[in-house]
Structures are given as structure tokens and as C-alpha cells.
Amino acid sequence: MNKYDKFFHDLCKENYEKIFKYILIMIHDKNIAEDIVQEVFLIAYEKKKIIFSYENKSAFLYKVSKNLTNEYLRKNKKCKILELNENNIVDDEDLCDLIYHEKDKKIDEQQYIDKVINELPKDKQELYQLYYIDKIPMKDIAKELDLNETTIRMRFVRLRKDIKNKVKNIKFENI
């Protein structure tokens, strides 16, 4: 094994997982991320003699990763392009949190709304009915319930939060 092959072997060993996670965060598909990582290291292998002289060798890998990932995203337009750099690479726990956060965004609250509304206390069901179904303005709801409009607004903030939490719980029960 010559010095360039040993260099490439060490480069792969040190950076493969980091590059994979970096791409996975942008792609959200393990198989596609693996394919792109293979392309990254194929390019690195072809240019190993040039990379050998670089001061920050991993920066080359991240740049190629970003370019190949963005190219894939442009061609497939399945995901939005995320701006990442090697300074915001995450560990496994952060990656899991990020994946859960992305799943949270995709929860279809309408799919579960009847079940969720029926689980709410009667007073919150009434607020939901008045505002979202009957389309009564908050100002009028406040008058009808003989409460301050600010109090009603705060109750709606809490109502929306309760609904969102209940929907998340239902969604994760079905996973």
C-alpha cells in the first residue's frame, strides 16, 4: 500500500460516518444518503493525490457532499436544501431529535381532529366550536363569555398547544 492509498484509507475511516450523517440530515433517506456518500468517496479516491496536500482534508469531503446532495435535491425536488457546514455536524442523539422534529412538522392535524376535540374538556370544546366552526370573532366570544379579550386570546393559545400535543401523541401511537 503506497502513501496515497494509506492516506485515503485513513481519510475514509475518520470521515465516513460524519459525511453520512451530514448528507442524511439534508436528504432524509438512508439509501440515497449511502449512495451519495459512495460518490463522495469515489471522487475523493480519484483526487487523493491532490487532497493529500490540502491542509483541511475533510473540508474537501464536506464541499463535495454538499454539492452532490444539492445536485440530487435539485434534480428530485423532494426536499428543501438545507445550509449545513462541518461546524454544525450533529451526534447520534441530535440526529434523532432532528428526525423527530421533521416528523412533527409533517403531522396532519386534520386527520385526527375529531378524536382530539372529543378528548378536550367541555370548555375547550366550546371555544373550539365557537371560533373554528362557527367562525365567531374572538372579540364577540369574549363578550358572550363575559371575559376579557386578552384572556380569550390566551385560552386559544393554550387550546392550540393542547391540540398539537394530543395530535403528536396520537401520531406516535400509530408509528
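Author: A residue is called buried here when its relative accessible area is under 20%, exposed when it is over 50%, and partly exposed in between, with a 1.4 Å probe and protein chains only as cover. This is a predicted model, in which local features need pLDDT of at least 70 and side-chain atom pairs count only at pLDDT 80 or more, while totals for chains, interfaces and linings use all residues. Residues are numbered from 1 along each chain as its sequence is written, and side-chain values use heavy atoms, with hydrogens and water left out.

Reader: Is Tyr22 buried or exposed?
Author: Tyr22 sits in helix 1 (residues 3-27), where helices are DSSP runs of H or I with at least four residues, strands are E runs of at least two, and numbering starts at the N terminus. The C-alpha of Tyr22 is 8.6 Å from that of Lys66, although 44 residues separate them in sequence. With a relative accessible area of 1%, Tyr22 falls under the cut-off and is therefore buried.

Reader: Where in the chain is confidence highest?
Author: Confidence is given as pLDDT, the predictor's own score for each residue from 0 to 100. Its average over the chain is 80, and 76% of the residues score at least 70. Helix 5 (residues 92-105) has the lowest mean, 57, whereas the highest, 93, belongs to helix 2 (residues 30-46).

Reader: Over which residues does pLDDT stay under 50?
Author: Where pLDDT is low, predicted coordinates should not be read in detail. The stretch you ask about has 14 contacts in the model beyond four places in sequence, a contact being heavy atoms within 4.5 Å. The stretch is residues 79-83.

Reader: How many helices does the chain have?
Author: Along the sequence the pattern is α-α-α-α-α-α-α-α-α. There are zero strands, and the number of helices is nine.

Reader: Which helix gives the most to the largest nonpolar core?
Author: A nonpolar core is a set of buried Ala, Val, Leu, Ile, Met, Phe, Trp, Tyr and Cys residues joined through side-chain atoms within 4.5 Å. The largest one has 26 residues, and Ile19, Ile23, Ile27, Ile36, Val40, Phe41 and Leu61 have the most contacts inside it. Two or more residues come from each of helix 1, helix 2 and helix 4 (57-76). With eleven residues, the one that gives the most is helix 1.

Reader: How many residues are in the second, separate core?
Author: Tyr128 and Ile152 are part of this core, as are Leu127 and Ala142. The second core is separate from the largest one, and its number of residues is 14.

Reader: Which helices do the buried residues of helix 4 pack against?
Author: The end C-alpha atoms of helix 4 are 29 Å apart, which agrees with the 28 Å that its 20 residues should span at 1.5 Å a residue, since the expected span is 1.5 Å times one less than the number of residues. Its buried residues include Phe60, Leu61, Tyr62, Val64, Leu68 and Tyr72. These buried residues pack against helix 1, helix 2 and helix 3 (48-51).

Reader: How far does the backbone oxygen of Leu61 lie from a polar atom of the Ser65 side chain?
Author: Ser65 belongs to helix 4 and is buried, because its relative accessible area is 0%. Leaving aside neighbours within four places in sequence, Ser65 touches Ile19, Tyr22, Ile23 and Val40. As for the backbone oxygen of Leu61, its distance from a polar atom of the Ser65 side chain is 2.7 Å.

Reader: Which helices are among those covering the buried residues of helix 2?
Author: For the 17 residues of helix 2 the expected span is 24 Å, and the end C-alpha atoms are 24 Å apart, which agrees. Ile32, Ala33, Ile36, Val37, Val40, Phe41 and Ala44 are buried there. Their cover includes helix 1, helix 3 and helix 4.

Reader: What is the phi of His28 near?
Author: His28 lies in the loop between helix 1 and helix 2. A relative accessible area of 36% makes His28 partly exposed. Its phi is positive in a residue other than glycine, near 65 degrees.

Reader: Is Lys135 buried or exposed?
Author: Lys135 is in the loop between helix 7 (122-133) and helix 8 (138-144). Although Lys135 is not a glycine, its phi is positive, about 60 degrees. Its relative accessible area is 61%, so Lys135 is exposed.

Key: Polar contact = N/O pair within 3.5 Å; in protein donor to acceptor, adjacent residues only side chain to side chain.
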